[in-house]
Amino acid sequence: MISSIVFINHKGEILVYRVYKDDITRSETTQFCAKIVATKENKECPIINIDGTSFIHITIKDIVVLATTKVNVNVAMTLQFLYQLVKVCRAYFGGEFDENCIKKHFVLIYELLDEVMDYGVPQIADADLLKKYIQEGGLKPELMNDVEKLKQLTSQATGATSWRPQNIVYRKNEVYLDVIESVNVLMSVKGTILKADVAGSIQMKCLLSGMPECKFGMNDKLLMQREPRKPGQTTTDKGITIDDLKFHQCVKLPKFDKERAITFIPPDGQFELMTYRITENINLPFKIMPVYNELGKNKLEIRVKIKSIFEKNLFGTNLAIKIPVPKNTANVSTNSAIGKAKHEPEQQGVIWRIKKYPGDFEALLRCEIDLGSTTNQQPWIKPPISIEFQVPMFTASGLRVRFLRVYEKSGYKPTKWIRYITKAGEYLHRL
Amino acid sequence: MAYFGNNQQRGELQELYADLNDLNFEKKKEAVKKVIAYMTVGKDVSQLFQSVIKCLEFQDIEMKKLIYLYIVNYSRQKPDDAIMVIQNFRKDVRKSENPLVRALAIRTFGCLRVPKLNEYLIEPLKDCISDDDPYVRKTAVLCVPKVFEVSPELCPPVLDQLQKLLEKESNALVLANLIQSMREIEVVNGKQLILMNPKIIQKLLLAVDECMEWGQIFILDYLATYDPADSKQAEIIIERTLPRLSHINPTVTFCAVKLILKYLDYLDNGDLVKNLCKKISPSLISLLSWNQSEIQYTILRNISLILQKFPILFENEVKVFFCSFNEPYYIKYEKLDIMVRICDSKNFTQVLNELMIYINEADPHFVRKTIKSIGKIGMMYDKALNEAVSILVEFAKNVQQATEPVQELFIQMQILYRKNRNLYKTNDSLKILFNILEYANEAEAKSACAWIVGEFAEFIPKSVEKMKEYIDNFLIEDRLVQLQLLTSGVKLYIKYPSLCSALIQQLINSAKDSFNPDVRDRTYIYWRLLSTDPEVVKNLVCSAPIGSSQFQKDVRLWETKDLIIALENMGSISNLFHKLPNQLYKNIKVRNNHQQEAKIYKADEKQEAPQKDQEIKKNDQNQQQPQQQQQQQQQQQQQQKQDFDLLNFDEPVSNNNNNTNNKMDVYDLI
């Protein structure tokens, strides 16, 4: 499997170097550092072969996290493992992952590397679980001598519900649900939708005692068709079509496959219960209508009309519409009824920001762009207009959570909270 | 010690030595940390071996781990000193009540990799494999391949133990590690170690439901190499694997997809196959838009394989491969490539409209590839021809510089003109191209321009002057351009005999003494022909092309016979480079027990099967050759192409041209 794991800074210096198999020499790795990392040549491509050694790597800010191997490993797994490794480190370093904290915590990192991988084979790499027995500065001696506790720990780590320890107690049992949707849209110059999809995520924060079994239901068309119709129930809500769902490891997948029911014993605290993808019947919250005019050789005019398509009682927040302008833009005069529009040269565009945008509302921005003279004869390559926004209490897919039931043998009734929000993913309109 | 030549560093080592032997525990610990830090940056601290291992007497687990790390790093340099640690390890393994300490010891013990130490290891290892604690067991089973690699002769009793464990182990995590460990040994050993039977399969399927994500991957990966006994068994395994399609780890999903796709061949029930395809497709599409581009890339690199065997999976899904503006280019290249593969007689307009946008991108390589793709689609579908040409002409209108994409433009336009001569009229394409001929600077592009001037001389103003310009520079041109200039010059002479007599004389004079035999030979052939009977030359060189020729869509990447092996290795490094494992790794032998033909899963589309088969055979012959031979062959074909060109039978030329083109694409991808 994997021969070594290496952390490298942007200059190509090795920060952490852990070998799992004997078939790799340090000089092979330094060669990679010198050739690829330091020169930034072809660094983008996540897998590079040099003389029979494969270098599989990801880049997190300035740090390259590298796995080397000489055998035919599963690349997707290796990459996923590297991401997981970074996630574990972040969990230990309070969300940080940079050269400083790697240098500061290198002893801990070695300890973690010893645990998350053995002989190049990925092992336990769940931060919550690891924290139970690997801590900065060593474990408390009480734990190291308490054989019963240790046994409990190893059986949890290797057991079927490794993500949840026993005997959790909360005075007040609460569950928070967040439905977060990112809308990805690509519109052609003429305004036809080339592709649109919603990438959704349901985040959950569980503050629950004991070993609760949860059952979660949405207005999933396939599920609702299975349910027997209750007398008197209106048949208007037929549910929505979900293209694909991916679940956290705690969800019982065979049960979902058979009954389409989402059941699980949740981990303690915050986690991502599921992600989903929807392509049918998407309610796009904003429509962009740009008009582009060349007024002579050194003058451009771009008019952007934007329309919100959601109910009046809802609001879009933190809108930022980015209208690209040519590199040689000298001056931009803007004119709009709401929000503020400003030419930001470092972004190569006019950014039109609107703090709060009401539903079912139209606004117009007019930009007049004066171009400076330029030696570059190349015509301007117009990047697409992009928009960022958030619309709370709105789902572009129409997804609704119908129920969340919690069963625990002590029979408590938890308080449940839910929030919806729709955000812009890649929301693009070609110009 | 030469490395530490100067005094200051020697001082550092001495200081560490002193600290390691200090009585103060904290000081010792700090010193050990420093030693590890030096080790990380690549300094040799093996000198301190004795002093470091002396620190093992403390029960501090953090320090223990650091020292173990140090020992593993230097044990092979200092085998004699390493022996001193053996007692410590054995004590930890046998006496410690703490499962973490037992596991740590056995894990590190295996990494010493000193043959003469391994004999001390076998007994404790056996104990650990049958330890009560699953955490120790899962560590111990992974220790076996470590020992096997260094001292295989010691291992038979342990291997027996592993095989027994495979039957009785109930912990999913241990089972997953066990499978992985036995596979590792199989690779070194070359012998099959895991003996599959229905009971074990049942067990593994159960374990998939219970173990953590990596374990699921090991098991699914392993099961994907298994050949199910019959349709029934395949069905059961598929059914148990289906739930994995909804796992949040993309690799788990991808392994499940791989397993199911492979097992489809074994199913008798056609409807079931169709249903399964319907289930797999959305899951795969989710992976394609995964938010980590590295993962996305690995999936994309496997798509051409899936497309070749299972075209049905991406029916009507071409949109998924549209590039978005901010994506990294390595993703865009893959998507572009797939878009050409997925393009068919129904969706080519959609694809062309999308490609039209990419022509405006900033990266010249990407734009070039886009232009090539447009040309290719024009070649594949007669109906797409006009659209393709108008996009390219639109691009040509804005050309102001000799950029890389412009070179490709000439090459593609020549190919398209060859397919249908009448295209020169479309959107004034010829006129627009003529205006930018000066921007051709690559050999292939220049040769394309020379061809265009000769072929359409009668429609180009001042074609003779243009040709004169070319011929004036004849001697400094590339061979490819020279050959084309010969043919084009003769064409021009046939068309305007009186105007060009001096020109053809100049051409023959420049070419007849060429060092290149091809150029020389061609010159003499034309010369002789022209001096015997210009009419014959006219018939040969300027004969009207015989309508548009048949171009087969052939975007296959893998040989049909390799499909199953490639499928089993989906996701692995070799597949990412579009190769078979044995082509990339010398020590891997290909299992050749696949009696079955690889089935191709198409959506309901009428296909003339016999013709296709013939074509496949033809191509298989071509592709079976190893790369080098293939290259040779390509050269031969190029040669052949030129031979044809000599007499300018337009039809076979373009046909051949198409073939070589496809070939070239295969190289592109590799």
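This is a short walk through a predicted model, with something to select at each stop.

**Stop 1: a sheet in chain A**

Start by selecting residues 286-294 of chain A, which is strand β14, and residues 329-336, which is β17. These are the edge strands of the sheet, so to speak its two borders: each one pairs on one side only. Now fill in what lies between them. The open sheet has four strands in the order β14-β15-β20-β17, with antiparallel pairing. On average, neighbouring strands here are turned by 15° against each other, if you ignore direction. As a general reminder, strands of a sheet pair through backbone hydrogen bonds, parallel or antiparallel.

Keep β17(A) on screen and add residues 362-371 of chain A, strand β20. How many bridges join β17(A) to β20? Seven, and the two strands run antiparallel. For one spot along this pairing, pick Ser336(A): opposite it, in β20(A), stands Leu365(A).

**Stop 2: the loop leading into β20**

Stay in chain A and select Asp360(A), in the loop between β19 (349-358) and β20. What is unusual about the phi of Asp360(A)? It is positive, about 50°, although the residue is not a glycine. Asp360(A) is partly exposed, with a relative accessible area of 42%.

**Stop 3: a cluster of rings**

Next, show the side chains of Phe286(A), Phe310(A), Tyr357(A), Phe361(A), Phe389(A), Phe394(A) and Tyr427(A). Ring pairs link these residues into a cluster. Over all chains, the structure holds 32 aromatic pairs.

**Stop 4: one ring pair in chain B**

Jump to chain B and select Tyr524(B) and Trp527(B). Their ring centres are 5.7 Å apart and their planes meet at 35°, so this pair counts as tilted. Why are they about one helical turn apart? Because they are three residues apart in helix α28, residues 517-532 of chain B. Both are partly exposed: Tyr524(B) has a relative accessible area of 28%, and Trp527(B) comes in at 32%.

**Stop 5: lysines over rings**

Select Lys332(B) together with Tyr329(B): the charged end of the lysine sits over the tyrosine ring, 4.6 Å from its centre. Then try Lys466(B) and Tyr470(B), where the lysine lies over the ring face at 5.5 Å from the centre.

**Stop 6: a residue touching the other chain**

Go back to chain A and pick Gln80(A) in helix α2, residues 75-92. Is Gln80(A) buried or exposed? Its relative accessibility is 11%, so it counts as buried. Now show what it touches, leaving aside neighbours within four places in sequence: Trp214(B), Asn249(B), Pro250(B), Thr251(B), Gln292(B) and Ile295(B).

**Stop 7: a loop in chain B**

Select His578(B), in the loop between α31 (573-576) and α32 (581-584) of chain B. Its phi is positive, about 55°, although it is not a glycine. With 8% relative accessibility, His578(B) counts as buried.

**Last stop: chain B as a whole**

Zoom out and colour chain B by secondary structure: you should find 35 helices and zero strands. Of its 670 residues, 59% are buried. Switch on the surface, and you are looking at about 28,300 Å² of accessible area, 49% of which belongs to carbon and sulfur atoms. Among contacts in chain B with a separation of 6 or more, 71% are between residues 24 or more positions apart.

Definitions and conventions: Residues numbered from 1 in each chain as written. Chains lettered and ligands numbered in written order. Predicted model: local features only at pLDDT ≥ 70, side-chain atom pairs only at ≥ 80, totals over all residues. Heavy atoms only, no water. Pairing = 2+ DSSP bridges. Axes fitted to C-alpha atoms, helices over the stretch in contact; angles between N-to-C directions. Phe/Tyr/Trp six-rings, centres within 6.5 Å; stacked < 30°, edge-to-face > 60°. Buried < 20%, exposed > 50% of the residue type's maximum accessible area, 1.4 Å probe, protein only. Lys NZ or Arg CZ within 6 Å of the ring centre and 35° of its normal. Contact = heavy atoms within 4.5 Å. Areas by Shrake-Rupley, 256 points an atom, 1.4 Å probe, with all protein chains shown as cover.
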